[in-house]
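Q: Could you take me through the sheet in this one, strand by strand, and show me what sits around it?

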Amino acid sequence: MNHNKNDIKKIGLSCLNLNLRRTGRLVTNYYDEMLRESGLRITQFTVLLSIAYANNLSITELAKMTDIDRTTLQRSLKILEREKLIKIEKAKTGNVRSLSLTSKGDLKLTASIQLWKNAQDSMKKSLGIVNFDSALKMLVKVRKATQNQDI
């Protein structure tokens, strides 16, 4: 093996991507558990919330709004459509499809918002409001930093 264990450890402790992904998985699992009784996963909740916010948006607009790649998003949308929580309708012209909540989707979202609020409150309590707000601001800066990189 040509890898120095100390170098590997240093990478593991200092890699922003690795640490964000680890944290992201744990936070996702936490919110999934908090939303379990609603029958929604946090990713589905986010999609429903985004559709409710900007009714009749296109899949491309939703992908940009949520930073979810189109392939992953389309799989999620198929599940939500099969569960009759959203409608996907082809626009009158072009190849654009618009998304909207069904009444069942609206009810499901409404019922899950309090569960989400409970999760948020619990995280704020655990981190403290100053650290919670600071973490959100830092995540915005990280997202912006990725958009400013030459790839």
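A: Here is a walk through the sheet, followed by the helices, loops and side-chain pairs elsewhere in the chain.

A quick word on the ground rules: this is a predicted model, with local features needing pLDDT of at least 70 and side-chain atom pairs counting only at pLDDT 80 or more, while totals for chains, interfaces and linings use all residues. Residues are numbered from 1 along each chain as its sequence is written, and side-chain values use heavy atoms, with hydrogens and water left out.

Okay, the sheet. Three strands make an open sheet in the order 1-3-2, with antiparallel pairing. Strand 1 and strand 2 are at the edges with a single partner strand each, so one side of each has no neighbour in the sheet. Strands here, like helices, are DSSP runs numbered from the N terminus (E, at least two residues, for strands; H or I, at least four, for helices). Two strands pair if DSSP finds at least two bridges between them.

Take strand 1 (residues 57–58): two bridges join it to strand 3, and the two run antiparallel. On that seam, Ser58 has Ser98 of strand 3 as its bridge partner. Strand 2 (residues 86–90) also pairs with strand 3 in the antiparallel sense, over five bridges. There, Lys90 is matched with Arg97 of strand 3. Strand 3 itself (residues 97–101) is mostly covered, with four of its five residues buried. Buried means under 20% relative accessible area, exposed means over 50%, and partly exposed is in between (1.4 Å probe, protein chains only).

Now for the helices that lie across the sheet. Helix 3 (residues 42–53) lies across strand 1, strand 2 and strand 3, running at about 100° to strand 3. Helix 5 (residues 70–82) lies across strand 2 and strand 3, at about 115° to strand 2. Those angles run from 0 to 180 degrees between N-to-C directions, using axes fitted to C-alpha atoms, for helices over the stretch in contact; contact means heavy atoms within 4.5 Å.

Helix 5 also has a loop on either side worth a look. In the loop between helix 4 (59–66) and helix 5, Asp67 has a positive phi near 60° without being a glycine. Asp67 is exposed, at 58% relative accessibility. In the loop between helix 5 and strand 2, Lys84 is another non-glycine with a positive phi, about 65°. Lys84 is exposed too, at 56% relative accessibility.

Moving on to charges, the structure holds two salt bridges, meaning a side-chain nitrogen of Lys or Arg within 4 Å of a carboxyl oxygen of Asp or Glu. One links Asp32 and Arg41, at 3.0 Å from N to O. Asp32 is buried at 11% relative accessibility, whereas Arg41 is partly exposed at 47%. The other joins Glu33 to Arg36, with the closest N and O atoms 2.4 Å apart. Here Glu33 is partly exposed at 45% relative accessibility and Arg36 is exposed at 54%.

Last stop: helix 2 (16–35) and helix 7 (129–147), each of which supplies at least two residues of a nonpolar surface patch. Its members are Leu16, Leu20, Leu136 and Leu139, with about 330 Å² of accessible area together. Leu20, in helix 2, is partly exposed at 35% relative accessible area.

Methods
Patch = residues over 30% accessible without salt bridge, like charges linked within 9 Å, V, L, I, M, F, W, Y side chains within 5 Å. Areas by Shrake-Rupley, 256 points an atom, 1.4 Å probe, with all protein chains shown as cover.
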